Amino acid sequence: MAEDFTAEQIARGRALRRAQVPWLLGGRAVALALTLVLGLTPAGAGLVTWAGGLFGGSRTAEVLAGAAALVLLGQAVGLPFGARVRVIRRGYGLVTQGWAGWAVDALRGLALTLVLVLPLAWGLYALTAHAPQRWWVPAAGAAAVLTVALSFLHPLLIEPVFNRFSPMPEGELRSALLGLAERDAIRVRSVLVADASRRTTALNAYVSGFGATRRIVAYDTLLTTAEPREVELVVAHELGHVKHRDVALGTVLGALGAAVAVCVLGLLTAWPPLLSAAGATDAADPRSLPLLAACAALIGAVSGPAQCAVSRRIEARADRHALELTGDPEQFIAMQRRLAVANVADVDPPRILELLFATHPSSVRRIAAARAWRPQT
């Protein structure tokens, strides 16, 4: 580790991690606690009844207003923690956006969440009214289809909500990135630059979309900070995800996971003790909304470490792909150093944090793997 990073760089990354992790984990814990209190006590049922009463008290009003109230409360409880993390990251030079811009982004995120959640809640309770005992069967299929649809629509409808994209100018770098994709036999529609510098100094790039919508996207911060060859290595890693069909596989697994989660929710919300604790009569009762949210939150929390473990393996495989595509471990290591320093990463975090929450291997592990890599003969 000492040969790749200075003592100051190592200490800086650790200091940022120690400063922000309590707030990040605290935000998660408070949000989960609130969801459980609302879902496992009559408080959530009371909230749904009250919110629905503001709009006439019909069943539909309770479903839509209750869902909106849960979303608003969840967003509100997370704001102080998010704001504190932002202050900390700003102190390390990672945040360039003002508070007004941050507030606008928060409102955009809230609006997008409501646009997605309210129709889902309405559709779900339409199913529970039609089939109170077996609603989860069609709901599981619908959840799988929706997961696939959102994966396709994300780069077209959701990414532009938060970033502006412009075509990368013609030149050596653009030609090199398209050349990488061609050597990898990957069809790329365009190479775009995202205006990430409006919010952050962090560096990143990614490949999004499927088929005719697939495009390489580089942060403008990456283009102005890294060497062209380092940019190529970042993109080669991202092309590895496409080559190994990680997005497609992730979409399929996500669809299956969503379907299984709905089935589990169906079993849980049919358990009389849980319904009684939540103050609801059955799954068709809109007052069961907070119980559904609580069970979904628990499923997400329990499955999180396993999802992170799978993600780390996928990221390590994409690293190997970048090395095989470029045959340049030295520049790969240089790229990892630059990313770690620019993003003020803790290059060797405590193992427990890595196992529970990290979606990528640590910088030290990625560099060690690059040094151990040998071309296939």
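The following exchange goes over two helix pairs and one strand pair in a predicted model.

Trainee: Why are helix 6 and helix 8 called roughly parallel to each other?

Mentor: Helix 6 (residues 172-183) and helix 8 (residues 228-243) pack at an angle of about 30 degrees. Angles under 35 degrees count as roughly parallel, and helix 6 and helix 8 are therefore described that way. Their axes are 10 Å apart, and the crossing is right-handed.

Trainee: Which residues of helix 6 and helix 8 meet?

Mentor: Leu173, Ala176, Leu177, Leu180 and Ala181 in helix 6 meet residues of helix 8, among them Val231, Glu232 and Leu239. The residues of this contact comprise ten nonpolar, no polar and one charged.

Trainee: What makes helix 11 and helix 12 oblique to each other?

Mentor: The axes of helix 11 (residues 289-326) and helix 12 (residues 329-342) cross at roughly 135 degrees and come within 9 Å. Roughly antiparallel needs an angle over 145 degrees, and roughly perpendicular runs from 65 to 115. The value fits neither, and the pair is therefore oblique.

Trainee: Which residues of helix 11 and helix 12 meet?

Mentor: Asp319, Ala322 and Leu323 in helix 11 meet Pro329, Phe332 and Gln336 in helix 12. These divide into four nonpolar, one polar and one charged.

Trainee: How do you know that strand 3 and strand 4 pair?

Mentor: Pairing takes at least two bridges, and strand 3 and strand 4 (residues 215-219) have four, in the antiparallel sense. In one of them, Ala205 is partnered by Ala218 of strand 4.

Trainee: What makes both faces of strand 3 covered?

Mentor: In strand 3 (residues 205-208), Ala205 and Val207 on one side are buried, as are Tyr206 and Ser208 on the other.

Definitions and conventions:
Residues numbered from 1 in each chain as written. Predicted model: local features only at pLDDT ≥ 70, side-chain atom pairs only at ≥ 80, totals over all residues. Heavy atoms only, no water. Axes fitted to C-alpha atoms, helices over the stretch in contact; angles between N-to-C directions. Helix = DSSP H or I, 4+ residues; strand = E, 2+ residues; numbered from the N terminus. Contact = heavy atoms within 4.5 Å. Nonpolar A, V, L, I, M, F, W, Y, C, P; charged D, E, K, R; others polar. Buried < 20%, exposed > 50% of the residue type's maximum accessible area, 1.4 Å probe, protein only. Left-handed = near helix turned anticlockwise from the far one by under 90°.
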